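Welcome to this guided tour! Open your viewer, get ready to select residues by number, and follow along stop by stop.

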Amino acid sequence: MPPLIEQSFTKALFHGVIAEDMIFPYPEMTSEERQSTSIILDSVRRFFAANVDSAKIDREQEIPKEVMAGLRSLGLFGLQIPTEYGGIGLSTAAYARVMQEIGGLDASIAVTLGAHQSIGYKSLLLFGTPEQKRRYLPKLATGESVAAFALTEPSAGSDAAAIKTRAEMVDGGAAYVLNGSKIWITNGGFADVFTVFARTSTLEEGAKPKITAFIVERGMGVTSGPNEHKLGIRGSSTTGIFLENVRVPRENVVGDVGKGFKVAMEVLNSGRLGLASGCVGICKTLLRLAIARVEERRAFGRNIGDFGLIKDKIARMLAETYALESMTYLTAGLVDSKIADYSLESAICKVKGSETLWGVVNETLQIAAGIGYMQEYPYERILRDSRVNLIFEGTNEILRCFIALSGMAAPGKALAEVAKAMREPIKGFGLLSDFALRKARAALGRERMTRVHPLLGREAVIFEEYVSELAVQAENVLRKHGRDIAEMQFTQLRIADMVMDLFAVAACLTRTTRAIERRGEDGARREIDLCSLYLNMAHKRLRQNVSDFARNDDELRKAIAGRAYIDGAYPFDVL
């Protein structure tokens, strides 16, 4: 078995390895943490019920000052800041649970709080020096200062390497002067502290840039543009920010000079999990709305909930939400257990979270029918608020490429080393022997799950089969394309979709196993049924993806798109 150097459950799947001990038993908060989190949730629910009018926030495109003050008084700006700096010091799982609740209550507030702590000051928590933490975290914990994350530029969205904002060393290295601009910065209109990413190397064609992260205070000379008018999350502030000869002291560098890309990626890994938990909360709100609507809406003399197609929608929404919740809190548990690498898991949660939510909100509006389209009801606002999640924190297209290529990196390296060892068999004897043993194990049979409850035996077998299939397909495409795999995005899509479904199924299996062990078959019937239904849906997708590796119309699609670029539009007209 290849060593799990990355210590990642999902990356191990690419080797055909099921690292059960990493996900069993399903993680749980301690009783003390559950109790303290429950107190926070109760306070949040009471405050929102009494003070938050989401329709008004959406209409006036602003969160009222008194609401912001109330959020500060509840401690919601310092949920993950350690108590020594004035925060609440929640674990990742507890933080996700609170953000789930807030997400289900108001998306604009969730985005504002998430931008502040999931990504805004996260670089300080992960990479800040003791002095930086002492200086900034206490005010950030109380909300006296608000944070924002400033990475995106007009020419650098998904491609962070294209950043043009410059940081030039001055005063013999005592400070940097920053010049440039950022766009679409959440909290940009009122944030006091920005994590800004700037190029500390010259802009050279083809050269890998050196990017550095800085903590920049508004008072250092940062200015903001007007709030953008957005499709959804209208109560949040989204602006451009401008840095013109902004002098930042050397001690405000976060992490190492030139290593800002690592800082950004680590911050976004964390932020994606917060986004996924918010999606869980909105899905649950939508399910309550949908179920209430099917009970009140009548057609042909009976409730529409009696009809099979409506039951199908409700069942699918429940199963997808169960899977999303299961993988989100499994990943939060991995983070809290101090696992070294959760980058793929958090990316999967973000992609699955945003796409599950988009499906749930679309179906809920369909169930609501005519009233779903009217502004006096919440459906259309929630639909508008939900769309941005497919773009936020890395587009789903970019993240699929990341999931596939990052997951295949270790198998690809192993294949390259084996090829080299075959040219030098004496030196590479140990490596070749290990490779031969792995191949022999694969030929003798797939990896087995031993900790899944026997009631889920059918689901476990299907999971095992497709873990083995993922490893086979990953090796096949790496052998076929070599380094060109970086350009094979149709192939990357299939690999990513396979591993995302496998991680979701694994999360369902471990969570449902825990439920059965705790409450027995009858007590866990709902979890068992949702796990089985999700597995059935995922199985169809997995089977299709495997088939498409061999038989597909990729080249036809590329040709059609290429001709459309030349035409510049749809090429036909009836008259």
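## Stop 1: A pair within one helix

Select R384 and E380: their side chains meet in a salt bridge, with N and O 2.9 Å apart. Keep in mind as you look around that this is a predicted model. Side chains of opposite charge can pair when their charged atoms come close. Now show the backbone as a cartoon, and you will find both R384 and E380 in helix 12, 4 residues apart, which is about one turn of the helix.

Are these two residues buried or exposed? R384 has a relative accessible area of 10%, so R384 is buried. E380 comes to 13%, and therefore E380 counts as buried too. The cut-off behind both calls is that buried means under 20% relative accessible area.

## Stop 2: Pairs that link distant parts of the chain

Next, select K352 and D501. They form a salt bridge whose closest N and O atoms are 2.9 Å apart. This pair links distant parts of the chain: K352 is in helix 11, D501 is in helix 16 (residues 489-523), and 149 residues separate them. K352 is buried because its relative accessible area is 12%, and D501 counts as buried at 2%.

Stay with helix 16 and select R494, then add D554. Their side chains meet in a salt bridge with an N to O distance of 2.6 Å. Here too, distant parts of the chain are linked: R494 sits in helix 16 and D554 in helix 18, 60 residues apart. R494 is buried, with a relative accessible area of 8%, and D554 is buried as well, at 7%.

For a group rather than a pair, select D42, R45, R97 and E101, which are linked in a network of salt bridges. How many salt bridges are there in the model? Counting a side-chain nitrogen of Lys or Arg within 4 Å of a carboxyl oxygen of Asp or Glu, the number comes to 36.

## Stop 3: Helix 18 from end to end

You have already met D554 in helix 18. Now select the whole of helix 18, residues 554-567, and use the distance tool on its end C-alpha atoms: they are 20 Å apart. Why does that distance agree with what a helix of 14 residues should span? The expected span is 1.5 Å times one less than the number of residues, so helix 18 should span 20 Å, in agreement with the model. Just after helix 18 comes G568, whose phi is positive, near 80°.

## Stop 4: Unusual backbone angles

Most residues other than glycine have a negative phi, and most peptide bonds are trans. With that in mind, here are some places to look.

- **D171:** This residue is not a glycine, yet its phi is positive, near 55°. Look for D171 in the loop between strand 2 (166-170) and strand 3 (175-186).
- **N187:** Here is another residue that is not a glycine and has a positive phi, about 75°. N187 lies in the loop between strand 3 and strand 4, and N187 is buried because its relative accessible area is 0%.
- **F24 and P25:** The peptide bond from F24 to P25 is cis, with omega near -10°. P25 is in the loop between helix 1 (9-13) and helix 2 (31-51).

## Stop 5: Out to the surface

Switch to a surface view and select K208, K210, K259 and K262. Together they gather in a patch of positive charge on the surface. One of them, K210, is in the loop between strand 4 (193-199) and strand 5 (211-217). K210 counts as exposed because its relative accessibility is 51%, and the cut-off for exposed is over 50%.

Now color Y373, M374 and Y377. These residues form a nonpolar patch on the surface, with about 360 Å² of accessible area together. Y377 belongs to the loop between helix 11 (343-368) and helix 12 (379-386). With a relative accessibility of 32%, Y377 counts as partly exposed.

## Last stop: A long look across

Finish by selecting L365 in helix 11. L365 is buried, with a relative accessible area of 17%. Then add K164 and draw a line between the two C-alpha atoms: L365 and K164 are 201 residues apart along the chain, and those atoms are separated by 42 Å.

Notes
Residues numbered from 1 in each chain as written. Predicted model: local features only at pLDDT ≥ 70, side-chain atom pairs only at ≥ 80, totals over all residues. Heavy atoms only, no water. Patch = residues over 30% accessible without salt bridge, like charges linked within 9 Å, V, L, I, M, F, W, Y side chains within 5 Å. Areas by Shrake-Rupley, 256 points an atom, 1.4 Å probe, with all protein chains shown as cover. Lys, Arg positive; Asp, Glu negative; His and termini not counted. Charge placed at Lys NZ, Arg CZ, Asp CG, Glu CD. Helix = DSSP H or I, 4+ residues; strand = E, 2+ residues; numbered from the N terminus. Buried < 20%, exposed > 50% of the residue type's maximum accessible area, 1.4 Å probe, protein only.
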